[in-house]
Amino acid sequence: MSNEELKQFILTIVPKAEFTESKELLTVSIPKENLKKLVKALKDSAETTFDYLFNLTGVDYADHMTVVYHLESTRYHHCVVIKAQIPGRDDVSIETISDIYKTADFHEREVYDFFGITFKNHPDMRRIFLDEIAPDIGHPLRKDYVDEINIIER
Amino acid sequence: MGIKIKSMKQSDFKDNETLELFKETGGNILLTTVDDVINWGRSNSLWPLTFATSCCGIEMMAAGAARHDFARFGFEVYRASPRQADLIVVAGTIVRKMAPVLKRLYDQIADPKYVIAMGACAVSGGPFFYNTYSVIRGVEHVIPVDVYIPGCPPRPEALLYGVMQLQRKVKSESIMNMRDYDREHLEGTIPPKYKLNDSQSE
């Protein structure tokens, strides 16, 4: 499918979707409530077949948080970037997609570890890396992260 | 007096006073001869541990490979086990997660053991000094360091210069005054022997 066709397909599922111009990958911004519905449709629909989640990460935009999903189809070789917008920054949460893509399990734990975004209905919502450094380290990639002992500010 | 190492002329070292001060004078001719023999053996067969955490490791490999070949000077083979190594070249950034691993490797090396901090990261944290929650600012916070090699990364020639300085340091040791690694570990990173007293600093 071309990017334009993908756009139309996504709009039929999530009418509120916003697209941003990008050189290579089609990027779509959606509210977090629509995420699971969209990802499920993109994976299950025969003409899209997004069967490969090749990246999942978080972004802290200071006034809101975002979780970014990169999907690819190994059959049609088209890609899409989904940015799920989460308003606010305290007690932020989003629905897990680890039941759709198994690989999202560890990725979501990593995002939780570094950003403190919790994933609802995740089978094992624990830290993945930083608990070995210090269990009370917090979420160091957040904009409001403070560590007066270990971080020298500049 | 003076410490001679085979690979380099004394005049080619940039600081010809400091390291020689460590050499204990005195003792009878038997002891100093034994020292000379032991130090000759130790300094010319320092085997480094296969340990590198980032780009300095590439330069360390280059120093070990054919063009620079620091086997010429007795840094014969990289040992994959700390039990067989004499030396850790800390080549790269040490993060908080890596630090306990490095400490354990150091503890597993049999005495006498030496540490070279290679590159800006191992010396001070380097480019990761500011605004990071994970990087150790200098490997001396974890294990005692014998030789610091600045650079980002240092060229193989700089590493060669550093290992020759280490050879000089090894040659300044005496069996009368062995380093106490357990006490170093408890009291801090600078071995008491290497603190200059008044008579030496004159």
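**Exercise 1. A salt bridge of chain A**

Is Arg127(A) buried or exposed? Determine this in the predicted model, then describe the salt bridge that Arg127(A) forms.

*Solution.*

Step 1. A residue counts as buried when its relative accessible area is under 20%. Arg127(A) has a relative accessible area of 14%, so Arg127(A) is buried.

Step 2. The partner of Arg127(A) in a salt bridge is Asp113(A), and their closest N and O atoms lie 2.5 Å apart. Arg127(A) belongs to the segment after strand 7 of chain A, whereas Asp113(A) belongs to helix 3 of chain A; the pair therefore ties together parts that are 14 residues apart in sequence.

Step 3. The relative accessible area of Asp113(A) is 0%, so Asp113(A) is buried as well.

**Exercise 2. A second link to helix 3 of chain A**

Which parts of the chain does the salt bridge between Asp124(A) and Arg109(A) link? State also how each of the two residues is classed by accessibility.

*Solution.*

Step 1. The side chains of Asp124(A) and Arg109(A) form a salt bridge with an N to O distance of 3.7 Å. This pair links distant parts of the chain: Asp124(A) is in the segment after strand 7 (118-120) of chain A, and Arg109(A) is in helix 3 (residues 104-115) of chain A, 15 residues apart.

Step 2. With a relative accessible area of 26%, Asp124(A) is partly exposed. Arg109(A), with 7%, is buried.

Step 3. For the wider setting, the structure holds 13 salt bridges over all chains. In chain A, a network of salt bridges links Asp60(A), Arg89(A), Arg142(A) and Asp144(A). In chain B, Arg155(B) and Glu157(B) form a salt bridge with their closest N and O atoms 3.1 Å apart; Glu157(B) is partly exposed at 39% relative accessibility.

**Exercise 3. Strand 4 of chain A and its partners**

Which strands are joined by bridges to strand 4 of chain A? Explain also why strand 4 of chain A is described as largely enclosed.

*Solution.*

Step 1. Strand 3 (residues 52-60) of chain A is joined to strand 4 of chain A by eight bridges, and the two run antiparallel. Within this pairing, Leu53(A) has Leu71(A) as its bridge partner.

Step 2. Strand 5 (residues 79-87) of chain A is joined to strand 4 of chain A by nine bridges, again with the strands antiparallel. Here Thr66(A) stands opposite Gln85(A).

Step 3. The hairpin of strands 3 and 4 of chain A has three residues between the strands, and Ala62(A) takes a positive phi near 70°. The hairpin of strands 4 and 5 of chain A has six residues between the strands, and His77(A) takes a positive phi near 60°.

Step 4. Strand 4 (residues 64-72) of chain A is largely enclosed by the rest of the structure because seven of its nine residues are buried.

**Exercise 4. The sheet of chain B**

What is the order of the strands in the open sheet of chain B? Describe the sheet and the cover of strand 2 of chain B.

*Solution.*

Step 1. Chain B has eight helices and three strands, in the pattern α-α-α-β-α-β-α-β-α-α-α along the sequence.

Step 2. The three strands form an open sheet in the order 1-2-3, with parallel pairing. Strand 1 and strand 3 (147-149) of chain B are the edge strands, each pairing on one side only. On average, neighbouring strands are turned by 15° against each other, direction ignored.

Step 3. Five bridges join strand 1 to strand 2 of chain B. Ile88(B) stands opposite Val115(B), and Ala91(B) has Met118(B) as its bridge partner.

Step 4. In a regular strand, side chains alternate between the two faces of the sheet. In strand 2 of chain B, Tyr114(B), Ile116(B) and Met118(B) are buried on one side, and Val115(B) and Ala117(B) are buried on the other. Five of the five residues of this strand are thus buried.

**Exercise 5. Helix 3 of chain B**

Which residues of helix 3 of chain B are buried? Explain why they are said to line one face.

*Solution.*

Step 1. The buried residues of helix 3 (residues 55-64) of chain B are Cys56(B), Gly57(B), Met60(B) and Ala63(B). Seen down the helix axis, they fall within an arc of 110°, so they line one face of the helix.

Step 2. These buried residues pack against strand 1 (87-91), strand 2 (114-118), helix 5 (119-124) and helix 6 (156-171) of chain B.

Note on methods:
Residues numbered from 1 in each chain as written. Chains lettered and ligands numbered in written order. Predicted model: local features only at pLDDT ≥ 70, side-chain atom pairs only at ≥ 80, totals over all residues. Heavy atoms only, no water. Salt bridge = Lys/Arg side-chain N within 4 Å of Asp/Glu carboxyl O. Helix = DSSP H or I, 4+ residues; strand = E, 2+ residues; numbered from the N terminus. Buried < 20%, exposed > 50% of the residue type's maximum accessible area, 1.4 Å probe, protein only. Arc of directions from axis to C-beta. Contact = heavy atoms within 4.5 Å. Pairing = 2+ DSSP bridges. Axes fitted to C-alpha atoms, helices over the stretch in contact; angles between N-to-C directions.
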